[in-house]
Number of protein chains: 2
Amino acid sequence: MRALVDGQPADAIGIDDRGLAYGDGLFETLAVQAGRPCLWDRHLARLASGCRRLGLACPDAEVLRDEAMMLARGHARAVLKITLTRTGRGRGYRPAPDAGVRRMLAISAWPPPRDGDAGVAVRLCHTVCGLSPVLAGLKHLGRLEQVLARAEWDDPDVPEGLMLDPLGAVVEATQANLFLERQGRLVTPRLDAAGVAGVVRGLAMDLAAAAGEPVREDRVVLEDVRSAQALYLTNSLIGVWRVARFEGREYDLSRPVHPVMARTVERAYGP
Amino acid sequence: MRALVDGQPADAIGIDDRGLAYGDGLFETLAVQAGRPCLWDRHLARLASGCRRLGLACPDAEVLRDEAMMLARGHARAVLKITLTRTGRGRGYRPAPDAGVRRMLAISAWPPPRDGDAGVAVRLCHTVCGLSPVLAGLKHLGRLEQVLARAEWDDPDVPEGLMLDPLGAVVEATQANLFLERQGRLVTPRLDAAGVAGVVRGLAMDLAAAAGEPVREDRVVLEDVRSAQALYLTNSLIGVWRVARFEGREYDLSRPVHPVMARTVERAYGP
């Protein structure tokens with residue numbers, strides 16, 4: 001079994017699904033390790049928070065967990081995707097008063113590994129990440145800007161690119177959040193007007209706060225990126241990548257990984 | 001037959017469709033009148049232009065027309081929706097090098113009529129329409145802001161609401177474009193950073209230009225809306241609606257409809 005739609009083995013939905021029609025939904029991408037989805041509670045918390053913001057009924061947590069575990073079972077490493085869309089009849093943007101939620105869970109192969117410790121090369125995308133205060137932070141289904149940004153290049157040695165907002169602030173990478181290290185302190189772009197508040201980003205911020213040196217969320221511009229001592233990219237599949245190069249600037253990979261980022265790596269594939 | 005997917009009778013797609021997963025696609029909503037889709041050439045031109053901007057292969061025009069005609073045949077009035085999504089294997093935002101396009105056409109019932117000449121009441125939405133220079137103007141699949149805006153109210157006597165961008169400019173209504181009449185001249189919000197460039201909006205602008213009094217595309221703020229002599233909303237299903245009220249301001253419906261808007265109504269349901 002590779003996918004479940006509302007609990008039943010299935011891999012199709014109607015072309016009138018509001019997720020397809022309007023992007024009216026959310027998703028989560030989880031690493032599966034040793035037959036279990038990683039950082040389950042964090043992913044579920046983000047899903048529940050996103051549902052609240054969209055006025056979407058969040059599926060029962062136990063039901064989601066059971067379905068996720070059923071799909072993850074037996075996979076040494078895999079990727080689990082959970083998609084929620086708003087149901088309801090009728091054409092038009094207005095949600096039906098009795099709208100419910102459709103859940104789709106699918107498991108797929110783990111991507112080819114890349115050694116994050118060796119450092120990755122990152123470019124600057126021309127495609128701008130829009131400003132949307134009502135959607136900022138959400139992992140909603142409308143990812144067309146990221147698609148266009150990722151379509152800009154095909155060099156396999158450059159796995160990521162940074163995106164700016166229309167006012168010139170750095171938001172994130174196409175599929176990952178960004179952390180900068182400056183004089184030993186971590187800074188990450190504010191996501192109050194654009195971007196996705198990643199689960200591993202949240203983990204790193206919680207670990208930093210617990211260590212008594214909270215990550216600063218700030219407006220970050222390209223000059224901050226260039227002058228940083230180190231850059232890190234985070235998401236649920238890669239965990240943490242160190243950045244080796246960004247647009248001509250080389251970062252010193254002989255420096256030790258920031259301790260918060262080291263702890264984040266250890267925890268990224270845990271429960 | 002109610003729907004075709006890639007030319008075959010079908011009403012489902014895979015849950016890995018990139019339209020669902022990432023909003024990686026476009027759509028058109030057409031009025032069908034007397035068995036024929038209205039403003040076909042304009043809808044097709046917008047689709048082709050959107051495909052170019054997204055790097056998406058546009059389906060053959062003859063194929064699309066044949067499928068649209070097949071579905072529209074026999075319907076006195078109906079709604080035809082055309083959705084295009086990017087195909088291609090694999091997880092992740094990056095489009096596959098050999099990505100193609102999937103086409104879905106579906107026909108549905110004409111919405112209950114509303115007398116646009118009698119004037120409609122319009123409200124101001126709290127939900128802000130984001131700024132996305134790369135997506136502005138496109139009728140792409142990510143319409144979540146419009147969904148949230150339209151979910152703000154359920155008064156059947158108020159069919160539309162205006163949306164502002166984060167900088168306070170008026171962009172459009174949730175499902176329609178806006179025209180203001182000022183001293184006999186028409187003005188419509190610029191859509192270079194947000195909004196959907198509607199087909200009937202384009203028709204009205206072309207008719208105005210042909211009459212030697214082009215519509216001015218400008219930054220529009222709420223004070224402009226309040227001080228306008230008349231407001232009009234346009235889209236492919238409603239044609240043109242006059243606005244009777246907006247947030248306490250009443251517009252004089254005894255004034256004659258602007259001649260360009262009158263001609264737009266006559267043409268909106270034509271070929």
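1. Let me start with helix α3 of chain A, residues 61–72: in this predicted model, the helix lies across β1 (3–5), β4 (25–33), β5, β6 and β7 of chain A. Its direction is at about 20° to β7(A).

2. The strands under discussion belong to an open sheet of six in chain A, ordered β2-β1-β7-β6-β4-β5 with antiparallel pairing. At the edges are β2 (8–9) and β5 (36–37) of chain A, each of which pairs on one side only.

3. Within that sheet, have a look at β6 (residues 77–86) and β7 (residues 101–109) of chain A, which pair in the antiparallel sense over nine bridges. If you would like a residue to click on, A:Ala78 stands opposite A:Ala109 in β7(A).

4. Now for chain B, where six strands likewise form an open sheet, again antiparallel, in the order β2-β1-β7-β6-β4-β5. Here β2 (8–9) and β5 (36–37) of chain B stand at the edges with a single partner strand each, so one side of each has no neighbour in the sheet. The β2(B) strand is joined to β1(B) by two bridges, and the two run antiparallel. In that stretch B:Val5 stands opposite B:Gln8 of β2(B).

5. Two helices of chain B are worth checking against its sheet. Helix α3 (residues 61–72) of chain B lies across β1, β4, β5, β6 and β7 of chain B, at about 20° to β7(B). Helix α2(B) lies across β4, β5 and β6 of chain B and runs at about 180° to β4(B).

6. On to the interface: 58 residues of chain B are in contact with 58 residues of chain A. Together the two chains bury about 4400 Å², 70% of it on carbon and sulfur atoms. For polar interactions, the count is twelve residue pairs in polar contact between chain B and chain A, both residues at pLDDT 80 or more, while the rule finds zero salt bridges across this interface.

7. Which parts of chain B supply at least two residues each to the side that touches chain A? They are β1 (3–5), β3 (12–14), α1 (18–22), β4 (25–33), α2 (40–54), β6 (77–86), β7 (101–109) and α4 (144–150) of chain B. Of these, α4(B) gives the most, with six residues. By class, this side of chain B has 28 nonpolar, 16 polar and 14 charged residues.

8. One last detail links the chains through strands: β3 (residues 12–14) of chain A and β3(B) pair in the antiparallel sense over three bridges. There, A:Gly14 has B:Ala12 in β3(B) as its bridge partner.

Key:
Residues are numbered from 1 along each chain as its sequence is written. Chains are lettered from A and ligands numbered from 1 in the order in which they are written. This is a predicted model: local features need pLDDT of at least 70, side-chain atom pairs count only at pLDDT 80 or more; totals for chains, interfaces and linings use all residues. Side-chain values use heavy atoms; hydrogens and water are left out. Contact means heavy atoms within 4.5 Å. Buried area is the accessible area (1.4 Å probe) that two parts lose on being put together, summed over both. A salt bridge is a side-chain nitrogen of Lys or Arg within 4 Å of a carboxyl oxygen of Asp or Glu. A polar contact is a pair of N or O atoms within 3.5 Å; within protein, one must be able to donate a hydrogen and the other to accept it, and residues adjacent in sequence count only if both atoms are side-chain atoms. Helices (H or I, at least four residues) and strands (E, at least two) are DSSP runs, numbered from the N terminus. Ala, Val, Leu, Ile, Met, Phe, Trp, Tyr, Cys and Pro count as nonpolar, Asp, Glu, Lys and Arg as charged, and the others, Gly among them, as polar. Two strands pair if DSSP finds at least two bridges between them. Axes are lines fitted to C-alpha atoms, for helices over the stretch in contact, and angles run from 0 to 180 degrees between N-to-C directions.
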